[in-house]
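Biologist: I'm new to this one. Could you show it to me and explain how the labels on it are decided?

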Amino acid sequence: MPALDLTADDVLTTTRAVRRRLDLDRPVERALIEECLRLATQAPTGRNRQRWDFVLVTDPAKRAALADLYRLGLTRPRQQVVRDGVDRGDPGRGRRIAQSAQYLFDHLHEVPVLLVPCIRVQGRHENASHVGQANTWGSVLPAVWQFMLAARSRGLGTAWTTPHLHYEREAAELLSIPYETVLQAALIPVAHTIGTDFRPGPRTDVGEIAHWDGW
């Protein structure tokens, strides 16, 4: 599939979290996913170690089981997610976002490809400190975002989700991921989009968030 006629700025400003506009009936070609992965692996990574791995789940039974873990993470979370109180979003969009999230909750198992990006570690103790976490996640998240940008440019939709991580060990068992030495970063649905006309989202003015030479 040829890339969409989008500028770099178009891709950067219209790569949205896609849920309700994922095409659940159209298969995603393996070659298309591999194109996106090749671009993803051009992302920067700490000391060029390239510790990332990408688990692509297409088997219907495994997709269903992984979707169930995602739902458990939302309905029966194992860890408390701390709310820091910062929310610059538009309150008027809350209901729409909730409806979109509910749609994904109901249909995640039908999405053609579920991507679980991972990073290799010597042991889970590496993430015990803030510095360790920054080093670890900073070496995989740019590649994941680059995958999502590449997907957008090819008519694919994605969304970053993390609820299944409440049941990461069970997901590791399901997908034969070595739990002690491989961390899962997210669960990302991947599908062709219904239409390609995505627009930039509302964001806080740069003047409110930029701090020059100090806070």
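Modeller: Sure, here are some questions and answers about cysteines, charged pairs and a surface patch.

Modeller: Keep in mind that this is a predicted model.

Biologist: How do you know that Cys36 is in no disulfide?

Modeller: A disulfide needs two cysteine sulfur atoms within 2.5 Å. The closest cysteine sulfur to that of Cys36 is in Cys118, 18 Å away, so that's too far for a bond. The structure holds zero disulfides.

Biologist: And what makes Cys118 buried or exposed?

Modeller: Buried means under 20% relative accessible area. Cys118 has 1%, so it's buried. Cys36, at 0%, is buried too.

Biologist: Why is the contact of Arg154 with Glu35 called a salt bridge?

Modeller: The cut-off is 4 Å between a side-chain nitrogen of Lys or Arg and a carboxyl oxygen of Asp or Glu. Here the closest N and O atoms are 2.8 Å apart, so the pair qualifies. Arg154 sits in the loop between helix H6 and strand S3, while Glu35 is in helix H2, 119 residues apart. In total, the structure holds nine salt bridges.

Biologist: What about Asp68 and Arg71, how far apart are they in helix H3?

Modeller: They're three residues apart, so about one helical turn separates them. Their side chains meet in a salt bridge at 3.0 Å, N to O.

Biologist: Why is Arg199 called exposed?

Modeller: Exposed means over 50%, and Arg199 has 68% relative accessibility, so it counts as exposed. Arg199 gathers with Arg20, Arg93, Arg96 and Arg203 in a patch of positive charge on the surface.

Note on methods
Residues are numbered from 1 along each chain as its sequence is written. This is a predicted model: local features need pLDDT of at least 70, side-chain atom pairs count only at pLDDT 80 or more; totals for chains, interfaces and linings use all residues. Side-chain values use heavy atoms; hydrogens and water are left out. Patches are made of residues with over 30% relative accessible area and no salt bridge: like charges are joined within 9 Å, nonpolar side chains (Val, Leu, Ile, Met, Phe, Trp, Tyr) within 5 Å. Accessible areas come from the Shrake-Rupley method with a 1.4 Å probe; for residues, only the protein chains shown count as cover. Lys and Arg count as positive and Asp and Glu as negative; His and the chain ends are not counted. The place of a charge is taken as NZ of Lys, CZ of Arg, CG of Asp or CD of Glu. Buried means under 20% relative accessible area, exposed over 50%, partly exposed in between (1.4 Å probe, protein chains only). Helices (H or I, at least four residues) and strands (E, at least two) are DSSP runs, numbered from the N terminus.
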